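I opened this model to look up where its ligand sits, how its sheet is put together and which residues have an unusual backbone. My entries follow in the order in which I checked things.

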Amino acid sequence: MRPYVIIFTTTSIDGRLATKTGYSELSCPHDKVRQHILRAEVDALMVGANTIRVDDPKLELKYARGRSPLRVIISTKAELGPERRIFKGGNLVVYAVSPSQVTIDELASRGVPIRLFNGRVCEVMNDLNVSFGVNKVMVEGGGKLIWSIIRDNCFDELRVTISPKIFGNGRSLVEGEGFSGPEAPILQLLDSKLCECGNEVVLKYKNRASSRL
Ligand SMILES: NC(=O)c1ccc[n+]([C@@H]2O[C@H](COP(=O)([O-])OP(=O)(O)OC[C@H]3O[C@@H](n4cnc5c(N)ncnc54)[C@H](OP(=O)(O)O)[C@@H]3O)[C@@H](O)[C@H]2O)c1
């Protein structure tokens, strides 16, 4: 069974996750706490390979207490570079479509499991449930990963914080070929509030096409 999937991001007013150079400092301290509280509530935290390459995140718990979730990287070839900070800790799995044997061996030598999938992230979600007992997943981005999840209708909630910045270019919340018209998903607003900082808006949407809420 597919786990419950929450997409969690922070964007600029113009819907960007990052500038054209990859700069993505958008969150106020309250938003970081919200992000880390959710990390502590889920079983797995998922990001796309570019987020690892650009941000080099550890994806650990820093601003909340609790159990660190399984960290999941989605990639085609899993060419990430051994120096990435995410490889310093355990509790990590890489899903790739067509990794070379060299990459598989290299990750294995670092104790990182690599699992193959068909490019549909729904398949990864199902495998996370079956193989790792994951019931709740938080997807943090970036835009390409979010596109493939929304395209395949493989999510239940979208939580977006709108930061008071305008980037004008760069990575959008959703980066893909896009929808043509009426088939574009319509979400249902569950909650909206002003952030404690007084200058960010926190939005929570339900995927109307999901049967999980
Ligand atoms: N503001 C925020 O909340 C936030 C959160 C996260 C990230 N970001 C920013 O977002 C930017 C990165 O976003 P991005 O759109 O460039 O990249 P991304 O979504 O992080 O990663 C894209 C890569 O993930 C892999 N991937 C995604 N979907 C896949 C699928 N269905 N099958 C196989 N592989 C798949 C591919 O890996 P390969 O390249 O290996 O083929 C693809 O190139 C960074 O600048 C980061 O700072 C911002």
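**Entry 1: the ligand shell.** Before listing any residues I fixed the cut-off: a residue is near a molecule if its C-beta atom, placed from the backbone, lies within 6 Å of it. I also noted that this is a predicted model, and I read everything below with that in mind. Which residues come nearest to the ligand? Of the 30 residues around it, I found that Ala18, Gly48, Asn50, Gly141 and Gly142 do.

I then looked up which elements supply at least two residues of this shell, and they are strand S1 (4-11), strand S2 (16-18), strand S3 (44-48), helix H2 (49-55), strand S4 (70-75), strand S7 (136-141) and helix H5 (143-151). The largest share, 5 residues, comes from H2. Sorted by class, the shell has 10 nonpolar, 14 polar and 6 charged residues.

**Entry 2: the peptide bond at Gly141.** Since Gly141 and Gly142 are among the residues that come nearest to the ligand, I checked the backbone there and found that a cis peptide bond joins the two, with omega about 0°. Gly142 lies in the loop between S7 and H5, and both of these elements supply at least two residues of the ligand shell.

**Entry 3: the sheet.** In what order do the strands of the sheet follow one another? I read off an open sheet of 9 strands in the order S6-S5-S4-S3-S7-S1-S8-S11-S10, with mixed pairing. Its edge strands are S6 (114-116) and S10 (187-194), each of which pairs on one side only. The twist averages 20° from one strand to the next.

Next I noted the helix H1 (residues 29-41), which packs on the sheet and touches S1, S3, S7 and S8, its direction making about 165° with that of S1.

**Entry 4: S1 and its partners.** I followed S1 to both of its partners, and it runs parallel to S7, with 4 bridges joining them, and parallel to strand S8 (residues 157-162), with 6 bridges. On the S7 side Tyr4 stands opposite Lys136, while on the S8 side Phe8 stands opposite Arg159. Is S1 enclosed or open to the outside? A residue counts as buried if 20 or more other C-beta atoms lie within 10 Å of its own, and 7 of the 8 residues of S1 are buried, so the strand is largely enclosed by the rest of the structure.

**Entry 5: the neighbours further along.** S7 is mostly covered as well, with 5 of its 6 residues buried. It is joined to S3 by 4 bridges, the two strands running parallel, and the bridge partner of Met46 in S7 is Val139. Beyond S8 I found a change of direction, as S8 and strand S11 (residues 201-207) run antiparallel and are joined by 6 bridges. Arg159, which stands opposite Phe8 of S1, also stands opposite Lys204 in S11.

**Entry 6: the nonpolar core.** The largest nonpolar core has 44 residues, and those with the most contacts inside it are Ala44, Val72, Ile74, Val137, Val139 and Ile149. I took Ile149 as one case: leaving out residues up to four places away in sequence, it touches Ile7, Val121, Val139, Cys154 and Phe155.

I looked at Tyr95 too, which lies in strand S5 (residues 92-96). Tyr95 is buried because 23 other C-beta atoms lie within 10 Å. With the residues up to four places away in sequence again not counted, Tyr95 touches Val72, Ile74, Arg115, Phe117 and Val124. The C-alpha atoms of Tyr95 and Thr76 are separated by 8.0 Å, although the two are 19 residues apart along the chain.

**Entry 7: positive phi outside glycine.** Asp56 is not a glycine, yet it has a positive phi of about 50°, and Ala78, also not a glycine, has one of about 60°. Asp56 lies in the loop between H2 and S4, whereas Ala78 is found in the loop between S4 and S5. Are these residues buried or partly exposed? Asp56 counts as partly exposed because it has 13 C-beta neighbours inside 10 Å, while Ala78 is buried, with 22 other C-beta atoms within 10 Å.

Definitions and conventions: Residues are numbered from 1 along each chain as its sequence is written. This is a predicted model: local features need pLDDT of at least 70, side-chain atom pairs count only at pLDDT 80 or more; totals for chains, interfaces and linings use all residues. Ala, Val, Leu, Ile, Met, Phe, Trp, Tyr, Cys and Pro count as nonpolar, Asp, Glu, Lys and Arg as charged, and the others, Gly among them, as polar. A residue is buried if 20 or more other C-beta atoms lie within 10 Å of its own, exposed if 12 or fewer, and partly exposed in between; C-beta atoms are placed from the backbone. Two strands pair if DSSP finds at least two bridges between them. Axes are lines fitted to C-alpha atoms, for helices over the stretch in contact, and angles run from 0 to 180 degrees between N-to-C directions. Two residues are in contact if their C-beta atoms, placed from the backbone, lie within 7 Å. A nonpolar core is a set of buried Ala, Val, Leu, Ile, Met, Phe, Trp, Tyr and Cys residues joined through C-beta atoms within 7 Å.
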